[in-house]
Amino acid sequence: MINLETTYMGLILKNPIVVSSSGLTNSVRKIKILEEKGAGAVVLKSLFEEQITNEASHLISSDPKNSAYPEAEDYIVNYVKGNSISNYLELIREAKKAVSIPVIASINCVSSKDWTSFAKEIEKAGADAIELNVFIVPNDKNKSSEAYEKLYYDVFAAVKKQVDIPIAMKLGSYFTNMMAVANRLNADGADALVLFNRFYEPDIDIDRMEMTSADVLSSPADIRKSLRFVGMISDKIRGIDISASTGIHDGEAAIKQLLAGAKTVQLCSTIYENGFDRVSDILADITKWMEKKKFKTVNEFRGKLSYGQVEDSAMYERAQFMKYFSDNKKEVLQ
């Protein structure tokens, strides 16, 4: 009998498949469908700090009277903030009533201001854990990389003070030393790292000659961005769970990340492209592969190809194509 059960941040999941924060998890109806299709856990659509701030600013600027009175500005900011938080807390409460799988809240934040204190309300509402979705664009040429990294640590520390439930940090890949950042967050008490975040990225429409946004969905090739660090961090930094994210579109990709050492794998784009049944399909692929390889549990093969377990660990460290092009130069030139 194949057993797909796993643990993530101390939570018991019936399998390693987590549906990531997105429009797929913004309603109880969809969350129930995802559970029915086999998802081991869900991460609720993020509550965006920037969105709350921008909505309040828009309301203030829409009427000159609002900006004329500081009290009016404060009222609007607090109303928008309070309303957004209230709706989010209700989603948590209703989701917890409707499903039995872990429900992980998500906060998309860019600062460690007082608003992060509502993390305690998230905990009271019944969330099983919190995923901090952080990305700060380094656009100040006079600020050091250490100063930017400190903002991430500050956000984590501000939320850590508020709650006792597990906290995962969802990171982007744009760090000078990802291993050092992971090690610091582990020392500070993070329960998990989600590698990696997928961000809005700008593009240019050359016909209209205007800025636009790039494709929001990932591609299967994007797994390359995280596989290296899933394999390295899971082996070198013990005590912190890794959830692989971005580019996981089928069962083969999920298995790769588990072999590299991931505790869970997060799905999003592939469900948008193929429907909710994609969760069931990927679980079936994992089960079929385990039967073929005679593995009865996920723990039997998790991390078997992580950094410290492969014969040539340099495969994880190599960054250039020199060997490939040297060995295959004739084929490349033909």
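Lys 97 sits in helix H4, which spans residues 70-98, in what is a predicted model. Its relative accessible area comes to 68%, so Lys 97 counts as exposed, the cut-off for that being over 50%. Gly 126 is 29 residues away from Lys 97 along the sequence, yet the two C-alpha atoms are 9.5 Å apart in space.

Now for a hairpin. Strands E10 and E11 make one, with four residues between them. The two strands run antiparallel and pair over four bridges. In the turn, Met 209 has a positive phi of about 55°. Ile 204 belongs to E10, and its partner across the way is Met 211 in E11. Those two residues also join Ile 206 in a nonpolar surface patch, with about 370 Å² of accessible area together. Ile 204 itself is exposed, because its relative accessibility is 52% and the cut-off is over 50%.

Here are the two exposed residues side by side:

| Residue | Relative accessible area |
|---|---|
| Lys 97 | 68% |
| Ile 204 | 52% |

Helix H7 (residues 178-188) brings us to the buried side of things. Which residues of H7 are buried? They are Met 178, Met 179, Val 181, Ala 182 and Leu 185. These lie on the same side of H7, because the arc they cover around the axis is only 165°. Their cover includes two helices, H6 (145-160) and H8 (223-236), along with strands E8 (167-171) and E9 (192-195).

Notes: Residues numbered from 1 in each chain as written. Predicted model: local features only at pLDDT ≥ 70, side-chain atom pairs only at ≥ 80, totals over all residues. Heavy atoms only, no water. Buried < 20%, exposed > 50% of the residue type's maximum accessible area, 1.4 Å probe, protein only. Patch = residues over 30% accessible without salt bridge, like charges linked within 9 Å, V, L, I, M, F, W, Y side chains within 5 Å. Areas by Shrake-Rupley, 256 points an atom, 1.4 Å probe, with all protein chains shown as cover. Salt bridge = Lys/Arg side-chain N within 4 Å of Asp/Glu carboxyl O. Pairing = 2+ DSSP bridges. Arc of directions from axis to C-beta. Contact = heavy atoms within 4.5 Å.
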